[in-house]
Amino acid sequence: MRRFYGMSMAELRALGLNEATDLVVYLPENSVTLTAVAGGWTLANQLAAAQVDDLRVMIWQKTKDGQRGKKPPKPIPRPGFEDTSSQNFTARPVSIKEMQKRMAERRARKPDDGLVEYRARDGRMLRVTPKQAAYFNRNSR
């Protein structure tokens, strides 16, 4: 039977919620569980990466590009955070007439869901089923 911190699996199953929580909260930094949750980065790794990023920015600020605010250094990639700055979006130009046509089509489209418009007593326009509209009209007499 496998052992976890000197405990057998049967003893682990017998733990209460508070004891299990304490066990997880006070796990050592290099434990398999915390490594999996943090993506392999400990607090020391995070702090070291932050120091390197700050040093890169300080050096960059002394360059001509830094004084102009161009080409800032990229930070060290962290687990769980993707760099989206290099994603390219492609689009083709559209004429004004084409855009007006698309907008007119979008505005003209009505949902064909079988609902009808019903004006409530307070003046709001609601979309309800025909059966609901008949019920509301019958009760409003």
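A salt bridge here is a side-chain nitrogen of Lys or Arg within 4 Å of a carboxyl oxygen of Asp or Glu. R102 and E98 fit that description, with their closest N and O atoms 3.3 Å apart. Keep in mind that this is a predicted model.

**The chain as a whole**

Let's step back for a moment. The protein chain has 7 helices and 4 strands, and along the sequence they come in the order β-β-α-α-α-α-α-α-β-β-α. Of its 141 residues, 9% count as buried. The chain exposes about 12700 Å², and carbon and sulfur atoms supply 57% of that area. As for contacts with a separation of 6 or more, 16% of them are between residues 24 or more positions apart.

**The salt bridges**

By the rule above, the count comes to 3 salt bridges. Here they are side by side:

| Pair | Closest N and O atoms |
|---|---|
| R78 and D53 | 2.7 Å |
| D122 and R124 | 2.8 Å |
| R102 and E98 | 3.3 Å |

The pair of R78 and D53 links distant parts of the chain: R78 sits in the loop between α5 and α6, D53 in helix α4, and they are 25 residues apart. How buried or exposed is D53? D53 has a relative accessible area of 11%, so D53 counts as buried. Leaving aside residues up to four places away in sequence, D53 touches P75, I76 and R78.

R102 and E98 make a local pair. They are 4 residues apart in helix α6, so about one helical turn separates them. In general, an α-helix has 3.6 residues a turn, so residues three or four places apart point the same way. R102 is partly exposed, with a relative accessible area of 35%, and E98 is partly exposed too, at 28%.

Then there is the pair of D122 and R124. D122 is exposed, at 53% relative accessible area, while R124 counts as partly exposed at 49%. Those two values fall on either side of a cut-off, because exposed means over 50%.

**A closer look at α4**

Back to the helix that holds D53, which covers residues 43–61. α4 has 19 residues and runs 27 Å from its first C-alpha to its last, close to the 27 Å expected at 1.5 Å a residue. Which residues of α4 are buried? They are A49, D53 and W60. These residues cover an arc of only 40° around the axis, so they lie on the same side of α4. What do they pack against? The buried residues of α4 pack against α5.

Now turn α4 around. The face turned away from the buried side carries the exposed residues L43, L47, Q51, M58 and I59. Two of these names come up again on the surface: M58 and I59 join L55 in a nonpolar patch, with about 310 Å² of accessible area together. M58 is found in helix α4.

**An unusual backbone angle**

One last stop is K71, found in the loop between α5 (64–68) and α6 (96–108). What is its phi? Phi of K71 is near 50°, a positive value in a residue other than glycine. Most residues other than glycine have a negative phi. K71 counts as exposed, because its relative accessibility is 67%.

Technical notes
Residues numbered from 1 in each chain as written. Predicted model: local features only at pLDDT ≥ 70, side-chain atom pairs only at ≥ 80, totals over all residues. Heavy atoms only, no water. Helix = DSSP H or I, 4+ residues; strand = E, 2+ residues; numbered from the N terminus. Contact = heavy atoms within 4.5 Å. Buried < 20%, exposed > 50% of the residue type's maximum accessible area, 1.4 Å probe, protein only. Areas by Shrake-Rupley, 256 points an atom, 1.4 Å probe, with all protein chains shown as cover. Expected span 1.5 Å × (residues − 1). Arc of directions from axis to C-beta. Patch = residues over 30% accessible without salt bridge, like charges linked within 9 Å, V, L, I, M, F, W, Y side chains within 5 Å.
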